[in-house]
Each structure stands twice: as structure tokens, then as C-alpha cells.
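Student: Could you take me closely through one buried polar position in this model, and then work outward from there to the charged pairs, the core and the strands around it? I would rather have one connected account than a list.

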Amino acid sequence: MALTLRAAAAAAAGPTRGLRRLFSTSFIPPMNSPAPQAREKAEPSTNLFVSGLSKRTTSEKLQEAFSQFGEVVHARVVTDRVSGYSKGFGFVRYATLEDAGKGIEGMDGKFLDGWVIFAEYARPRQPPPLPENNMSPPYSRY
């Protein structure tokens with residue numbers, strides 16, 4: 001009798017354990033998945049990429065914050081075309097490499113408009129991919 005009760009309890013516990021694992025909040029990655037690759041550092045340049053900006057941050061506020069560390073030639077917050085709010089990132093161009101380095105040291109991980117921002121050297125844009133199968137771009141005349 002006790003053996004049948006144990007068997008019934010084990011059968012009942014089996015699916016629950018699976019469901020518990022399925023809805024568990026802790027995540028253990030599979031052992032065979034490759035480790036995530038760290039992004040390579042960009043070459044030092046006078047152009048900085050700034051991420052983590054608030055939706056309310058303007059280009060003027062960005063220029064004012066970064067001008068403490070050197071001569072800012074241009075600062076631009078990338079905005080949404082429809083709403084006009086910040087997309088959360090922008091670019092700052094300094095006059096010299098030294099000023100750009102000081103700007104990264106001074107503003108990386110600091111607060112701007114209540115949000116922690118991150119500054120790093122901007123990467124150059126990648127060229128657009130070539131059309132596959134020698135096809136012309138869509139909606140072209142040729």
C-alpha cells in the first residue's frame with residue numbers, strides 16, 4: 001500500500017517539477033551555447049557615440065554637458081521623426097582627440113537628465129549590403 005502511494009506521489013510530482021522548471025525565474029544557459037563575444041573597441045576619433053539618453057534630452061543639453069571637458073564642435077541627439085523625442089542616443093564631435101578622451105572619461109557612466117549615460121568612440125558606418133542575385137534595388141526604374 002505504501003509503495004503504491006509513493007509511486008502515485010512520484011508520478012504526480014514529475015509533471016509539476018517540469019512546470020516549475022518551465023516557469024522558473026532563474027535562467028541557466030545551455031552548456032553548448034558559445035560565450036557572447038565582446039564588442040571590439042572603436043578606433044579613437046573626435047566623434048563620440050553617447051547612449052542611454054533620456055527622451056527629454058536635447059542637443060543643447062548634450063553640448064552643454066560635454067563642453068565641460070573640451071571644445072565641442074557639434075552635438076546631436078537623434079530624435080524620432082514623428083514624436084520629436086530622443087531615441088536614446090546621440091553623437092558629440094570634439095575639436096581634438098585629447099578633448100574627446102577627456103569627454104569619455106568625464107561623462108561615461110555619469111547622470112544626465114536623471115539617466116546614466118555611456119560615452120564611447122563612435123564606429124564608422126558600415127556600407128550598405130549589395131543586392132543579392134544581381135537584382136536591382138526595389139522600386140527602381142531599371
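Tutor: A good place to begin is Ser-54, which, leaving aside its neighbours within four places in sequence, is in contact with Ser-86, Asp-113 and Trp-115. Please keep in mind throughout that this is a predicted model. Ser-54 sits in the loop that runs between S1 and H2, and with a relative accessible area of 6% this serine counts as buried, because the cut-off for that term is under 20%. Its side chain has a polar partner in the backbone: a polar atom of the Ser-54 side chain lies 3.1 Å from the backbone nitrogen of Arg-56.

One of the residues that Ser-54 contacts, Asp-113, leads directly to a charged pair. The side chains of Asp-113 and Lys-61 meet in a salt bridge, with 3.7 Å from N to O. This pair links distant parts of the chain, since Lys-61 belongs to helix H2 whereas Asp-113 is in the loop between strand S4 (111-112) and strand S5 (115-116), 52 residues apart. Neither partner is buried: Lys-61 is partly exposed at 36% relative accessible area, and Asp-113 is likewise partly exposed, at 32%. Side chains of opposite charge can pair when their charged atoms come close.

The structure holds two salt bridges, and the other place to look is Glu-120 with Arg-123, whose side chains meet at 3.1 Å from N to O. Glu-120 is partly exposed at 29% relative accessibility, and Arg-123 is partly exposed too, with 34%.

Asp-99, a residue of helix H3, makes a useful contrast with these pairs. Asp-99 is buried yet has no salt bridge, and the nearest side chain of opposite charge, that of Lys-102, is 4.2 Å away; a salt bridge needs a nitrogen within 4 Å of a carboxyl oxygen, so at 4.2 Å Lys-102 does not qualify. Not counting residues up to four places away in sequence, Asp-99 touches Phe-69, Gly-70, Glu-71 and Tyr-94. The residue just before it in the numbering, Glu-98, is also found in H3, but Glu-98 is exposed, with a relative accessible area of 55%. The C-alpha atom of Glu-98 is separated by 9.7 Å from that of Pro-44, although the two residues are 54 apart along the chain.

Taking H3 as a whole, its buried residues are Asp-99, Ala-100, Gly-101, Gly-103, Ile-104, Gly-106 and Met-107, and these pack against S1, H2, S3 and strand S6 (118-121). After the helix comes Gly-109, which has a positive phi, near 85°.

From here it is natural to turn to the nonpolar interior. The largest nonpolar core has 17 residues, and within it Leu-62, Phe-66 and Val-92 have the most contacts. Two or more residues come from each of strand S1 (47-51), helix H2 (59-66), strand S2 (72-79), strand S3 (86-94) and helix H3 (97-107). Leu-62 shows how several segments meet at a single residue: setting aside residues up to four places away in sequence, Leu-62 touches Val-50, Leu-53, Ala-75, Arg-76, Val-77, Phe-91, Val-92 and Leu-112.

Two of the residues that Leu-62 touches, Arg-76 and Phe-91, also face each other across paired strands, for Arg-76 stands opposite Phe-91 in S3. S2 and S3 run antiparallel and are joined by six bridges; they form a hairpin with six residues between them, and Gly-84 in the turn has a positive phi of about 85°. S3 is joined to S1 as well, by five bridges and again in an antiparallel arrangement, with Leu-48 standing opposite Val-92 in S3.

Placed in the whole chain, these parts belong to a fold of three helices and six strands, which follow one another from the N terminus in the order α-β-α-β-β-α-β-β-β. Of the 142 residues, 23% count as buried, Ser-54 being one such residue. Among contacts with a separation of 6 or more, 62% are accounted for by residues 24 or more positions apart.

Notes
Residues are numbered from 1 along each chain as its sequence is written. This is a predicted model: local features need pLDDT of at least 70, side-chain atom pairs count only at pLDDT 80 or more; totals for chains, interfaces and linings use all residues. Side-chain values use heavy atoms; hydrogens and water are left out. A nonpolar core is a set of buried Ala, Val, Leu, Ile, Met, Phe, Trp, Tyr and Cys residues joined through side-chain atoms within 4.5 Å. Buried means under 20% relative accessible area, exposed over 50%, partly exposed in between (1.4 Å probe, protein chains only). Helices (H or I, at least four residues) and strands (E, at least two) are DSSP runs, numbered from the N terminus. Contact means heavy atoms within 4.5 Å. A polar contact is a pair of N or O atoms within 3.5 Å; within protein, one must be able to donate a hydrogen and the other to accept it, and residues adjacent in sequence count only if both atoms are side-chain atoms. Lys and Arg count as positive and Asp and Glu as negative; His and the chain ends are not counted. Two strands pair if DSSP finds at least two bridges between them.
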